[in-house]
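Reader: Could you take me on a close look at the aromatic rings in this model? I would enjoy a connected account of what they pair with.

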Amino acid sequence: MKTIFVKPLTVEKKWYVIDAEGKNLGRVAVAAANILRGKNKAEYVPHQDLGDYVIIINAAKATVSGNKMEDKKYYRHSMYPGGLREEKYGDVINRKPTFPMEHAIKGMLPHGKLGRKLFTNVKIYAGSEHPHQAQKPIAVEL
């Protein structure tokens, strides 16, 4: 039996839309990462971009469980001595509502050239409006 090798240029890419309102942040990120990788397709291979496009709406309204609104922290460093900055999840959501979802999805993708390419296939919006109606996205239920 021969191994089937699919060329990424011949794969038809679909568009999916996920409504994150009232859904757990991590569960939405997992669903998006699986679609981006192409794990929902029979011809999945880990070293190719065979995944689809994902649109996430209402990213600012995704929920977190427990006390994560106050306890979860995001860190960044300015690369100067004493330059470590931390910010609570609640403050990050107010400043940049799409960042926690972007951060979660990026962490679930491969760390390298393929992961950077796959991350360009996700579009995240804080509200319920998006400019991708012409692509006729398919709604994903979680």
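Author: Happy to; here is a walk through the rings, followed by a stop at one isoleucine.

This is a predicted model, in which local features need pLDDT of at least 70, side-chain atom pairs count only at pLDDT 80 or more, and totals for chains, interfaces and linings use all residues. Residues are numbered from 1 along each chain as its sequence is written, and side-chain values use heavy atoms, with hydrogens and water left out.

Searching the whole structure turns up three aromatic pairs. A pair here means rings of Phe, Tyr or Trp (its six-membered ring) with centres within 6.5 Å; planes under 30 degrees apart are stacked, over 60 edge-to-face, and the rest tilted. Tyr74 and Phe99 make an edge-to-face pair, with 5.5 Å between centres and 75° between planes. Their pairing links distant parts of the chain, 25 residues apart: Tyr74 belongs to strand 3 (residues 73–77) and Phe99 to helix 4 (residues 99–108). Helices (H or I, at least four residues) and strands (E, at least two) are DSSP runs numbered from the N terminus. Tyr74 is buried at 8% relative accessibility, while Phe99 is partly exposed at 26%. Buried means under 20% relative accessible area, exposed over 50%, and partly exposed in between (1.4 Å probe, protein chains only). Ring pairs also bring Tyr89 into a cluster with Tyr74 and Phe99.

Lastly, the isoleucine: Ile55 lies in strand 2 (residues 53–57) and is buried, with a relative accessible area of 0%. Leaving aside residues up to four places away in sequence, Ile55 touches several residues, including Trp15, Tyr16 and Tyr125, where contact means heavy atoms within 4.5 Å.
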